[in-house]
Structures are given as structure tokens and as C-alpha cells.
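Here is a walk through the structure on screen, one topic at a time. Keep the viewer open and follow along.

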Amino acid sequence: MSRLYTQDHEWIDVDGDTATVGITDYAQGQLGDVVFVELPEAGRAVTKGGEAAVVESVKAASDVYAPVSGTVTEANPALTDDPALVNTAPETEGWFFKLTLADASELDGLLDKAAYDAFVAGL
Amino acid sequence: MPGATVVAGGYMAEADLKSLPLDALHRRLGARMVGFAGYAMPIQFEGIIAEHVWTRESAGLFDVSHMGQLLVEGDGAGAWLETLAPGDFLALQPHRTRYSLLLTDDGGIIDDLMVTNTGKSYYMVVNGATKAGDIAHMQARLPAGITLTHMEDHALLALQGPQAVTVMGRLALAPAEADQPGFADLKFMAGARFLWNSITLGITRSGYTGEDGYEISVPAASAEALAEALLAHAEVKSIGLGARDSLRLEAGLPLYGHDIDTSVTPIEADLAYAISKRRKTEGGFPGTSLILDQLLNGAPRKRVGLSVEGRLPAREGATVWAGGRQVGVVTSGGFAPSLNVPIAMAMVETAHAGDGTALEIDVRGKRIGARVVPMPFKQKNYVREGTKA
């Protein structure tokens, strides 16, 4: 299993043709206190770069984009009861949704950890 | 995504921002700085919820130096202010502070402001984003013999929360003038000048959080020393603009440019209390005929508080519905940290503005249940005249 990142600050763990998506620690730090997460329902088709979820902080609503195209298989039920998991464990228990990949070649353009860290360092 | 957050929150991009006297201190304390009213300002330090709760339980130090501090001096200054705003400035006693509104000729709100009678002049605090317009508006109407001074060489700090009185009491503030109240006698909406380490501070017991507290005008060169002196007390932490917004929203206080603007009258804004009793009879302020008519016969729409069902916050701009018809729009909305629920203010048609009215808010195509509720959402904790300090 390998983890890749987008320049929109999502991460994606790929395991065969399934993947788990969340937002990075950097992203949660920028958002501040998360008070609500609107997650996609299982069965929904998402498109690479398209809106997949909405994360609400005290101040504002922000879109979370799908790093790759696919079909959502599960949303993280823990975020409904405890949206602050996005702040406390963004890259582990605070995952957003799982999906089945539509086209594994879409992973090619994503960043590895070193490239993402360098990207964030330059912001 | 995080960049978009800043834009969605109503803040400006980083370029071409002016810096304020506490800029370096904020950055040393780890603030996240954003553009607001043309200045680089701290939006948060440790986090909005923690800062919000700290202010409600202890004391929060806010930098509000972006706001405009104005002095109006000269014979007839009070009478002149009465031609601009609906307050009874002639009856405003020395060392008393009043909330007021600058009005357009057709009764719209140019700005909301605090006016303190210093005994020799009127000291006013106006909003940062509107101060240039306010000054131009007043300069254009300034009669001979009255001067308007913009105190650009002063910073403005606010210490807010139940421990503010205790912390301020430790500063050993000496009255700057013999005939003014002592610090211990300052109650809500009162103000005077005090000496701190031989620096003159203009202090009002006021604020915009719904808590007891003070606003402190300090020469810019001494602002950092004063802020550090306040932060040295264990009860005090620096608080950013994010919590300032959530605190004022819970307190039911309107934010200029969001809940009120030149298209909104004081009656529509539910700010009739800013029109003094004598002025309701005598008029003589801009927009008198419309405003007094609305006061008597009602306005077509009204600013209300909404409790929002569920957990999804409704933001500014979300439309408000009664069945299939839009009856209003959310003007401020978000999550209330002290109540742990989403809340909103909205401008709605008066027929749907009664307490308890069930409405719906459209949030990204989803209808969320909402109900008109009295404001403040969170009970205010002011220490008024006649109450124990």
C-alpha cells in the first residue's frame, strides 16, 4: 500500500483497486477547528478533481476533491459523531471515504510524500 | 483548499496589507495572519474554539487596532453629531459611552459605532473597513468650529471576559483627571482616561463579545508593552478575529458589511435601541421620516436569530425559505462554540420574523430546518450600572 498526495491537500492510500481518501495534516491546520463533514454516500461516482466532500470549520466551508475518479464504497462513520477527528487524526482515523478506482493510471500525476512535503514547504 | 477557505471566510489576499503596531507580537505568538480591512490581522492563535471558550471563561486579549478612533471637538459637537446619528448626545453624560449608527439620508446604516463623552470631546470607535468612508462623510458635513481628528497614532486593544476586571485592576491605573470616575467605578458603557506607567490610556468598559470587558486606546508606541503586560497574567491569552466573530455572533451583535449596511435601516436591523427616546419624538437625524414610520408601523423585513437543526452550519448568503417561497437570506452564520450548535442571523420578511417561526435554510441544495429565536443566543455578562462590580 502506498500513500500519494494532491496539491489540493488530499491524501490517498491505494491498495489494489481500492483506496482511502482524507485530507492532510497541513490542510486541517489551515482549516482550523472542524465542526462538520459532509461525506459522499456509498455508490456515488466521483471524478478526479471534482467535489467529493465538504468540510466545515468554525469559519468556513471548504470543498474536498476526489484525487482520482471512482465509486465511493464507504464514508467514515466516525466523522459524523466526532468531526474533530479531522483535526486530531487527519491522516489516520480521520479519513473521509473509500472508493473503487475507475482508472489506476490517474494515480500517475499525484505526488509522493517527498514531493508533497516540498510543495507545502514552498507555500 | 486551505487558500479557498480564507476567501470563503471573507478575508482578503495577503498582498498589499498594512501592518498594525502589534504585528510583530502576534507573529511571535504564532498567530495565523490574514488580510482584514486592508491590514494583516491575526485570525487565530491556538484555534478558534479554544480561544472562544477561553474568552467566555477567563479573559481574551484582542487587537482591534484596525478600527478607526476619532475625536470630535468644539462647541456644538454634540448637536452636530445628532445631525449624523440618532443618539441623544446632548444628554450623554461625561464618561458615558453609547452605541450609535451613522445614517444615510434615506435611513440606511453607513456604520455602527461607539461614542464616549470624554467631558471635553466625543471619542468614537468606528469599523476598520468603513473608517475612510465615515471620515469622508463627516468631513463633508463638518461645520466651522468643530474639528474631527483621526487618532492614527493610537492602537486599540480589547480585554474581554469575566476575568478582565480582575486583570485590569492589577494594572494600578490612576485617573488622568481629578473629576473623572476611578477605575473601580467604571461600569458597562462608561469610559475615562487613566495613567499606566505615565502613559495615558483611554479606557471604556465595553466590547463586542457579550462579555464584561474593556477597550483600551493606547499610543501606538506603547501598544506592545501594554499587550505584553496584560498577557503576563495567567488569565489572559491572545485571541484572533475568528473567535471575535463567533463570540459576537453568539451575543447577537450585528457585524457591519454582513448583517447591516447602507441598504438596511436601524428598524430592519432590530437596532431601535440605538435611537434615543428624545430622538424618537424629535427626529432630526438622517432618514427620520422613514425610520420613525417603520418604528411606528413596522418595517418590511427584520434581522432575526435562527437556531439551525442538526450539525451543518448555514453560512452568510444561504437563502431562507417558508415552504416554496424565499423569505430571506442568512447574513451571518456559523458554529457556536459555547452552545455547540450551528446558529445564524438572517434578514427575513417581517411576516416570518416572529419568535418560534419555523423556516428552512438552503445549504448547498439541502433544506435545513431553522427556527426564529430571540437573541442573544448566549446570555450576555455585562456589569451594568447599579450591579455589583
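## The sheet in chain A

Let's start with a strand pair: β5(A) and strand β8 (residues 70-75) of chain A are antiparallel partners, held by two bridges. If you want a spot to click on, A:V46 has A:G70 in β8(A) as its bridge partner. This is a predicted model, by the way, so read everything below with that in mind.

Moving along, β8(A) also runs antiparallel to β9(A), and five bridges join them. A:T71 is the residue to pick here, as it stands opposite A:T100 in β9(A). Then strand β9 (residues 97-101) of chain A pairs with strand β3 (residues 18-23) of chain A, again antiparallel, over four bridges. In that pair, A:A19 has A:L99 of β9(A) as its bridge partner.

Put together, you get an open sheet of six strands in chain A, ordered β1-β2-β3-β9-β8-β5, with antiparallel pairing. Which strands stand at the edges? They are β1 (2-5) and β5 (45-46) of chain A; each has a single partner strand, so one side of each is left without a neighbour in the sheet.

## Chain A as a whole

Zooming out, chain A has four helices and nine strands. Read from the N terminus, its elements go β-β-β-α-β-β-β-β-β-α-α-β-α. Its C-alpha trace spans about 35 × 35 × 20 Å along the principal axes.

How does the radius of gyration compare with that of a compact globule? For 123 residues the globule would be near 14 Å, and chain A comes in at 13 Å, which agrees. Of the 123 residues in chain A, 45% are buried. As for contacts between residues at least 6 apart in sequence, 61% of those in chain A join residues at least 24 apart.

## A positive phi in each chain

Now for some backbone geometry. Most residues other than glycine have a negative phi, and most peptide bonds are trans. A:H9 is not a glycine, yet its phi is positive, about 75 degrees. You'll find A:H9 in the loop between β1 and β2 (10-15) of chain A. Is A:H9 buried or exposed? It counts as buried, because it has 27 C-beta neighbours inside 10 Å.

Chain B has a case too: B:A172, also not a glycine, has a positive phi of about 55 degrees. B:A172 lies in the loop between α6 (164-169) and β10 of chain B. With 10 C-beta neighbours inside 10 Å, B:A172 counts as exposed.

## Two prolines in chain B

B:P376 is joined to B:M375 by a cis peptide bond, with omega about 0 degrees. To locate B:P376, look in the segment after β20 (366-373) of chain B.

The other proline, B:P181, sits in the loop between β10 (174-175) and β11 (191-196) of chain B. B:P181 counts as partly exposed because it has 16 C-beta neighbours inside 10 Å. Which residues does B:P181 contact, leaving aside neighbours within four places in sequence? They are B:H95, B:L186, B:A190 and B:A192. The C-alpha atoms of B:P181 and B:R193 are 9.2 Å apart, with the two residues separated by 12 places along the chain.

## Domains of chain B

Chain B is split into domain 1 (2-66 + 153-250) and domain 2 (300-373). Taken over C-alpha atoms, the centres of these two domains of chain B are 30 Å apart.

Where they meet, seven residues of domain 1 of chain B contact seven residues of domain 2 of chain B. On the domain 1 side, α3 and α8 of chain B are the elements giving two or more residues. The largest share of that side, four residues, comes from α3(B). By type, the residues on the domain 1 side divide into three nonpolar, two polar and two charged.

## Where the chains touch

Last stop, the interface: 19 residues of chain B are in contact with 19 residues of chain A. On the chain B side, α1 (2-8), α3 (48-57), α8 (241-250) and β17 (325-336) each supply at least two residues. The largest share of the chain B side, four residues, comes from α1(B). The residues on the chain B side that touches chain A divide into 10 nonpolar, seven polar and two charged.

Technical notes:
Residues numbered from 1 in each chain as written. Chains lettered and ligands numbered in written order. Predicted model: local features only at pLDDT ≥ 70, side-chain atom pairs only at ≥ 80, totals over all residues. Contact = placed C-beta atoms within 7 Å. Nonpolar A, V, L, I, M, F, W, Y, C, P; charged D, E, K, R; others polar. Domains from an automatic or database assignment. Pairing = 2+ DSSP bridges. Buried ≥ 20, exposed ≤ 12 C-beta atoms within 10 Å, placed from the backbone. Rg over C-alpha atoms; globule rule 2.2 N^0.38 Å.
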